[in-house]
Amino acid sequence: DLSKLPRGEIHGSQRFHFPKIKESDIVQRLEKICLEEGLDYDQNALEFIATRSNGSLRDGEMTLEQLSLLGKRITISLTYELVSNLYIFTHFFLLIG
């Protein structure tokens, strides 16, 4: 949050504002990756990943990569499970931090 930084720090730093990528474009990119990598997937799983990535292609690709490492068909239930586990894991370490 830039409002919490001292004025001198803000002046000397660079700020980048990248526009959010449309969900449909993220889904198309994820589909292309799945086809190139030979991954078996459900369309609604890719749509969920795109929604959760909040306009960030990098986040969507990272989620897809994590799912692909499981060696299973990428389904909506598997995607929910991964996202839920990551959420719990992240918040656990923030609490014990």
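**Helix H2 and the nonpolar core**

Let me begin just after helix H2 (helices being DSSP runs of H or I of at least four residues, numbered from the N terminus), where Gly38 takes a positive phi of about 70°. This is a predicted model, in which local features need pLDDT of at least 70 and side-chain atom pairs count only at pLDDT 80 or more, while totals for chains, interfaces and linings use all residues. Residues are numbered from 1 along each chain as its sequence is written, and side-chain values use heavy atoms, with hydrogens and water left out.

Turning to H2 itself, Ile26, Val27, Leu30, Ile33 and Cys34 are buried, meaning under 20% relative accessible area, with exposed meaning over 50% and partly exposed in between, for a 1.4 Å probe and protein chains only. These buried residues cover an arc of only 125° around the axis, which puts them on the same side of H2; the arc is taken over the directions from the helix axis to the C-beta atoms. On the other side of H2, Gln28, Leu35 and Glu36 are exposed, whereas the buried residues pack against H3 and H4, contact meaning heavy atoms within 4.5 Å.

That brings me to the largest nonpolar core, a set of buried Ala, Val, Leu, Ile, Met, Phe, Trp, Tyr and Cys residues joined through side-chain atoms within 4.5 Å. Of its 15 residues, Leu30, Leu46, Ile49, Leu64, Leu67 and Ile74 touch the most other members. Two or more residues each come from H2 (23-37), H3, H4 and H5 (76-96), and H2 gives the most, with 5 residues.
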